[in-house]
Amino acid sequence: MKPLISYYTLVTLLLCIVEQAYPQSSGDSLSFKKWLTENGETVGVLVYFNESWISHDIFPFQGDANDSRSVLEQFCKANKLKLLSTEDGIYIYKGSSISTTLPEWGTVRSGNGNNLVSNQNKVTQSEQQYKLGRIVADLELIKVGSPRSVNTLKNARVRGRVIDNDSDEPILGATIYVEEVEKGAATDIDGYFSIPLRPGKYKTTVNCLSMRSRTFYLEVFSDGDISIPLEKELVSINEVQVVADKINNVAGIQMGFERISSKTMKEIPVIMGEKDLLKIAQMLPGVQSVGEGSAGINVRGGSADQNLFYINKLPVYNTAHLFGFFSAFNPDIINDFSLYKSNIPANFGGRLSSIFDISTRQGNKKEFYGKGGISPITGHIMLEGPLIENKSSVVLSYRTTYSDWILSRLDDVSLRESNASFYDISGVINTVLNKKNILKVFYYKSKDDFSLSSTNDYAYANNGTSVSLKHFYSQALSSDIAVVSSNYSFGHNNKKNPSEAFNQNYNLHHNELRVDFKYTSPSNHKISFGGSSILYHLNRGVIKPFNEESKRTIVDLGKDKGVENALYISDDFSPIPRLSILAGIRYNFFNFLGPTTINEYFENSPLDENNIKTQKELENNQLVKSYSGPEPRFAANYRLGTNSSLKTSYNRLRQNIFMLSNTIAISPTDQWKLADYHIKPATTDQLSIGYYYDVPKKGLESSLEIYQKWTKNIAEFKDGVDFVSGKPPEMQLLQGRQESRGIELMLKKNSGRLTGWLSYTYSKSTILVQNKNLPTQQINYGKVYPSNYDRPHSFNAVTNLRYSRRLSISANMVYYTGRPITYPESVYYSEGKQTLQYSGRNEYRLPNYFRLDLSINLEGNLNRKKWIHSYWMLNVYNLTGRKNAYSVYFESNEKVLQAYKLSIIGAPIFTVSWNFKFGNYVSE
Amino acid sequence: MLANKPLITLCLLMIFGFVRSQPKSVPIEKDQLIEQLTVITDRSYYIAGEKILFSTNYLASSMLHQSWSSVLYVELIQSDGEALTNGKYQLNLNGAEGSLKIPENCLSGNYFLKAYTQWMRNASQYNYAYVPIKVVNPGTSETYRNVDSAKLQTTLIASEYSKSDNISIVSTQQRYETRKKVKLSFAISQKDSLENKLCVAIIKKGSKNLQNFTVKSLPNELSNNQAAYYFPEFTGAWLRGKLIDKATNQPYKGGLVNLSLLSDKSYLTGFNTTNDGEFFLTLPRQTGEKEFFITAKTNELPVHIALEKAFCKRPVNFGPWPFELNEPEKQLCQELSLNAQLSAKFTPKNKTSKANKTNAVFYGKADVQYNTDKYIELPNLEEFIFEIIPYLTVVKRKGAKSIQNAEKTAFSFFPFFLLVDYIPVHNLEDYLAIKMNKIDKIEIINGGYVVGNLKYSGIINIISKNSDFAGIDLNKNSMFFNYQLYAPETNLNDLNLPKHKNRIPDRRNCLYWQPHLIPNIDGETKIEFYTSDVKGEYEVILYKISKSDGSVQVATKNFIVE
């Protein structure tokens with residue numbers, strides 16, 4: 001083999017030849033390959049190269065176009081290639097240099113280094129993946145405020161908003177817990193919470209049932225806002241969910257408080273084919289239905305008119321559809337409700353026993369959604385969606401009944417021959433105007449019509465609108481201004497006795513302006529303050545003869561007008577670590593206004609027609625009488641340990657409006673009446689103590705509460721009163737004292753296969769109407785007697801067994817002592833007239849009430865991509881068919897007085913309903 | 001055939017560990033069990049980074065019609081015995097063929113190709129076949145030299161191959177141009193064809209020393225009575241290992257070992273360990289380095305999985321064997337070096353054959369497949385089974401869960417074989433708790449399944465979204481590892497029939513290589529090849545390896561490329 005000719009000699013040689021072959025190289029654009037075929041091959045020396053290495057192929061090049069050596073060199077330089085010349089050819093190549101000679105071997109090494117071992121011990125690709133899959137994702141860091149304005153001496157206010165990631169809907173009742181400082185907060189109806197924190201980094205967890213909890217680091221610099229979207233999560237059926245929820249049964253300040261949310265209870269028991277949250281409320285301790293097929297509830301021994309129902313701040317004066325078989329709220333739109341029965345926050349007032357605060361869905365801001373269903377009794381639908389995406393949403397609902405199916409199944413003959421219809425509609429528009437303002441508009445209407453076996457026609461309606469504006473002044477201060485207008489009216493045709501037949505139209509207007517402020521102080525005092533003003537217009541209507549046949553004289557029952565103003569302030573704070581206190585005061589002013597005619601009676605004489613001294617006419621808006629008084633509210637919670645706490649509360653409440661009713665139930669003809677010149681507002685003082693204990697591992701919550709209530713000026717009606725007679729109400733009623741006391745026990749299981757609760761209530765409610773000076777102005781001879789709704793023992797069980805995600809069975813059991821009743825004890829005849837001798841008031845009791853309901857919920861398949869998901873609900877109401885007594889009445893049959901028991905539903909009622917929702921099983 | 005039967009029985013007995021427990025009861029006739037290998041390489045001089053092409057003749061005494069071993073182990077070793085690279089090759093009665101790439105960073109020096117079978121490991125390592133080669137690394141001035149003189153050294157004795165007279169190589173021309181097709185024919189008698197293995201190399205003249213090498217002495221020879229420890233791999237390569245109780249350091253008996261091929265999903269095998277805690281897992285017949293997962297089911301007892309080294313580590317030492325090149329050798333090597341460097345530059349590098357990745361799964365097509373995307377996101381697998389899979393139920397008895405098959409088959413009494421991303425999982429509780437959001441799909445084999453001697457009601461395989469085993473806690477007694485299967489096959493067509501492209505140089509150092517020439521029965525065997533761009537004198541070498549004693553004869557013919 002010849003020694004290789006040196007690189008330069010060869011290149012120079014070649015390039016000389018090339019120059020000869022192309023003496024006048026033009027410098028035109030030319031490809032390298034073409035240049036080679038036209039030049040290179042003529043030399044007889046091949047130029048080898050790989051075309052794929054060439055990235056800059058185009059001539060001309062810099063410098064002398066004829067210098068072919070330069071051509072090759074520039075070409076190589078441009079393409080970052082190297083040149084090698086041998087006698088066989090010229091090689092253009094890439095990468096490390098080729099050595100044409102062998103190295104001069106010198107140094108000696110004793111090993112090559114072991115290639116084999118190093119390869120074997122390396123982590124394999126799958127192992128890498130495996131390790132990656134097991135890395136717990138680093139906690140996300142959320143920053144609040146600006147690093148430039150850090151002030152470590154002062155708490156920064158963090159305002160956050162928790163929303164549903166899918167719909168942008170705010171989440172109510174989500175809890176936020178900051179581990180390092182053991183501080184917590186819960187979101188309000190708009191998903192907001194506010195928490196003061198020193199600048200620093202905190203581990204924070206946000207929890208809400210049925211949502212995937214989120215833990216993150218919160219880095220606080222200064223005042224600022226955060227938004228926390230949560231995703232839906234299905235919780236394992238078997239698993240008892242242990243939520244690191246520090247604001248729960250035990251820790252929450254609230255006592256005598258129940259919150260039920262459609263989100264947190266997917267499988268709520270079904271009653272009469274509907275998941276009626278208000279019916280569920282009646283299964284809670286201390287809450288009793290006044291009776292089967294009746295509207296109204298009694299809370300802690302209070303009468304039915306002592307409860308205030310708010311739906312989106314709109315008061316609803318009649319919450320019943322179809323004699324109370326259904327509540328007036330379409331379950332599709334109810335998102336959540338809270339029931340306050342002992343510790344009523346200072347921003348609420350106006351009723352003695354309870355506040356039901358119902359909130360509707362706020363509407364999906366991202367996409368359209370709907371749900372609905374049909375049963376033999378009702379059909380209902382709810383639609384929602386964005387008006388302006390991510391900004392404004394709308395919710396519309398409609399529900400109606402279309403058959404008298406249920407009436408035809410009732411035991412009561414008159415009901416069976418009746419027909420009834422109802423509907424309710426509602427609409428919500430929720431708009432985030434900007435970062436600082438949220439506007440909410442709510443419209444609601446419900447209407448019932450029924451005719452009772454051609455003797456009575458009833459029609460009643462609730463109608464109202466609320467507009468509220470939430471405004472944020474800063475991270476710590478917000479206000480909510482609401483204008484509410486509510487109307488309740490009924491019409492009644494009584495045709496039972498043609499000569500007495502009459503009709504009446506009643507109307508109640510409630511116009512309200514309320515302002516609520518919320519302020520979180522740097523030291524975490526959660527201060528609420530504000531006020532409200534209500535203008536009542538009550539037109540009790542005119543009793544008119546129904547037709548010409550009727551001999552009824554026209555009676556104007558009169559009008560009431562009043563203004564109720566209230567101011568309040570309250571503070572929720574924690575003076576020492578385990579103790580939290582909610583202290584507040586509400587001051588209530590009530591003015592009864594003219595026009596009206598008032599009777600002045602002689603002193604120390606009964607208020608009746610014979611004792612009227614004078615009559616006074618008062619002009620429009622003239623102050624007739626004014627009542628006012630403070631309402632202190634206080635609650636304290638002392639945590640005994642992580643899972644138990646002791647709570648106590650004291651409340652005073654005033655009620656300026658009451659119902660003229662001589663039945664225990666709310667009937668469509670019951671007239672609301674304001675406190676007036678003679679009738680004083682009722683007040684109540686309630687003291688309660690409770691012990692709360694949780695077993696988080698088993699998902700159990702338990703509570704025991706003892707309460708005592710002292711009520712003054714409770715209105716009790718004289719025997720045999722008639723509210724359409726035209727007699728002034730003060731002549732028909734007497735005001736007395738009521739005392740209620742009781743023990744409430746509750747055991748609740750919120751997660752796992754079996755959920756539900758057991759509740760037992762022992763309660764006593766007695767009334768004393770005593771007037772030592774005027775013995776006739778007493779009831780029950782001035783002795784204590786049980787109130788109409790005194791039912792000492794009450795036991796409820798709500799159970800839900802989820803066999804699978806598609807099949808669940810729920811059963812409800814209701815038991816309570818029969819309500820008190822006054823019976824005729826003897827009959828005597830004087831002058832041939834039969835006269836009944838009655839027992840003492842409420843001396844006897846109806847038989848005990850027992851009912852068992854069963855429902856089976858069968859869901860459609862669990863496919864993910866569906867546009868509609870449907871499910872069946874099979875329901876049996878009163879499974880045992882027990883004929884529970886609604887009342888006992890007496891009829892004389894051939895001069896023998898016979899007692900008859902009236903039961904409304906004496907047989908099991910089966911209903912099947914079909915329900916649907918857009919989306920799949922997981923959709924709400 | 002009949003004579004071999006007792007041997008097979010013997011081996012089977014050995015596999016299951018009986019022989020070792022009674023080593024003296026069955027005498028092994030050493031003569032019957034000897035295997036002998038003859039190795040021919042294409043050249044004697046190589047450049048670092050080049051492939052050594054080799055052909056092996058296999059000889060099994062008194063087992064002529066029965067291939068005893070089916071895997072050939074080849075290593076490139078330094079003269080102190082340290083291996084630079086190695087490979088496994090499929091071996092049969094016709095021997096084995098293949099190539100072994102010399103590492104790029106291999107220092108210039110004298111090296112040895114070492115070839116053996118597992119069975120041969122029972123005898124002395126000096127019974128293996130050794131072929132010395134010279135490697136030149138043009139990139140470094142360092143050379144390799146064995147300085148370890150303390151160890152026992154042995155020498156190889158070289159002897160010239162004898163010339164075969166009865167074979168003639170016929171060519172039409174003496175001289176050829178570059179890049180021209182050349183036709184050659186060999187006249188080989190029928191007797192020679194039948195009794196020998198034939199092998200052809202066409203290389204630059206002088207690049208092969210026609211010498212036979214034998215080990216001078218056989219030190220450290222194993223005695224007749226020593227029991228066999230290495231079992232013949234008659235059905236392909238095994239992965240052999242042992243379970244050792246971590247606490248007591250004693251072998252763990254009665255464990256179940258599963259081996260999964262992770263690189264593709266086509267392979268899974270299992271073995272119940274022997275009384276010595278040993279296991280023998282058949283490896284898939286695939287090539288290249290593959291990723292495996294091995295797991296041992298030992299009732300939660302922590303064990304160490306010790307894998308037997310497939311390649312023989314017993315020391316051999318051929319003494320200093322200094323690296324020297326005389327002048328003609330230098331010239332030859334310089335030319336080979338340039339050729340090798342140029343060839344390397346112009347050979348496309350990314351030609352790794354990943355095409356043999358199969359989509360087949362070892363259990364075949366699943367009976368049922370659930371794409372979890374189709375369903376709502378349930379919390380965990382247990383609920384998915386409960387809600388979605390109608391015929392499977394999770395039963396809890398005395399606190400222990402099991403998955404039961406409602407469809408009664410002959411296998412329904414057996415448990416399910418649980419897999420995550422194709423690897424076995426033994427902890428059912430962990431398995432059922434896998435979060436559904438990590439699962440892409442679930443495949444089920446429902447009608448029974450057999451892995452080795454284990455029966456299963458079926459297979460449940462969870463395929464995770466990120467191939468991360470769904471975040472499950474894998475059995476502590478398991479490991480991932482990369483393992484070299486058979487060496488990639490050498491494509492002779494690529495070697496011998498290059499596609500000549502205009503500007504790509506052809507600088508092959510071996511123009512033609514046929515490791516196993518199958519002659520025509522009519523006596524005239526034709527071959528075709530192409531000359532390269534490299535001019536000079538070439539040599540055609542036909543090797544004739546006797547199938548009865550392994551002796552080699554050669555026939556040569558020279559030609560010139562101009």
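The legends below describe close-up views of a predicted model, moving from chain A as a whole to its interface with chain B and then to selected sites.

**View 1. Overall make-up of chain A in the predicted model.** The secondary structure of chain A comprises eight helices and 56 strands. Of the 924 residues in this chain, 54% are buried. When the contacts in chain A with a separation of 6 or more are considered, 67% of them are accounted for by residues 24 or more positions apart.

**View 2. The interface between chain A and chain B, with 68 residues contributed by chain A and 73 residues by chain B.** The area buried between the two chains is about 5,900 Å², and carbon and sulfur atoms give 50% of that area. Across this interface there are 28 residue pairs in polar contact, with both residues of each pair at pLDDT 80 or more. On the side of chain A that touches chain B, at least two residues each are supplied by α2 (32-39), β1 (46-48), β3 (89-93), β4 (108-109), α4 (115-120) and α5 (125-134) of chain A. The largest share of that side, seven residues, belongs to α5(A). Sorted by class, the side of chain A that touches chain B has 26 nonpolar, 28 polar and 14 charged residues.

**View 3. A salt bridge between R805(A) and E383(B).** Four salt bridges are found across the interface of chain A and chain B, and one of them is shown here. In this pair, the side chain of R805(A) meets the side chain of E383(B) with an N to O distance of 2.6 Å.

**View 4. Strand pairing across the interface, between β4(A) and β9(B).** Strand β4(A) and strand β9 of chain B, which spans residues 143-144, run parallel and are joined by two bridges. Within this pairing, V108(A) stands opposite T143(B).

**View 5. The surroundings of E716(A) in strand β42 of chain A.** Strand β42 spans residues 700-717 and includes E716(A), which counts as buried because its relative accessibility is 7%, under the 20% cut-off. Apart from its neighbours within four places in sequence, E716(A) is in contact with Q732(A), L733(A), L734(A), I767(A), V769(A), I779(A), Y785(A) and R841(A). With R841(A), the contact includes a polar contact between the two side chains, at 3.1 Å. For a sense of scale within the chain, the C-alpha atoms of E716(A) and A320(A) are separated by 23 Å, although these two residues are 396 residues apart along the chain.

**View 6. Strand β7 of chain B and the two strands that pair with it, β4(B) and β8(B).** Strand β7(B) covers residues 109-116, and eight of its eight residues are buried. In a regular strand the side chains alternate between the two faces of the sheet. Here G109(B), Y111(B), L113(B) and A115(B) point one way from β7(B), whereas N110(B), F112(B), K114(B) and Y116(B) point the other way, and the residues of both sets are all buried. Strand β4 of chain B, residues 71-78, pairs with β7(B) in the antiparallel sense over six bridges, and in this pairing I77(B) has F112(B) as its bridge partner. Strand β8 of chain B, residues 129-136, also pairs with β7(B) in the antiparallel sense, over seven bridges, with G109(B) standing opposite V135(B).

Methods:
Residues numbered from 1 in each chain as written. Chains lettered and ligands numbered in written order. Predicted model: local features only at pLDDT ≥ 70, side-chain atom pairs only at ≥ 80, totals over all residues. Heavy atoms only, no water. Contact = heavy atoms within 4.5 Å. Buried area = accessible area lost by both parts, 1.4 Å probe. Polar contact = N/O pair within 3.5 Å; in protein donor to acceptor, adjacent residues only side chain to side chain. Helix = DSSP H or I, 4+ residues; strand = E, 2+ residues; numbered from the N terminus. Nonpolar A, V, L, I, M, F, W, Y, C, P; charged D, E, K, R; others polar. Pairing = 2+ DSSP bridges. Buried < 20%, exposed > 50% of the residue type's maximum accessible area, 1.4 Å probe, protein only.
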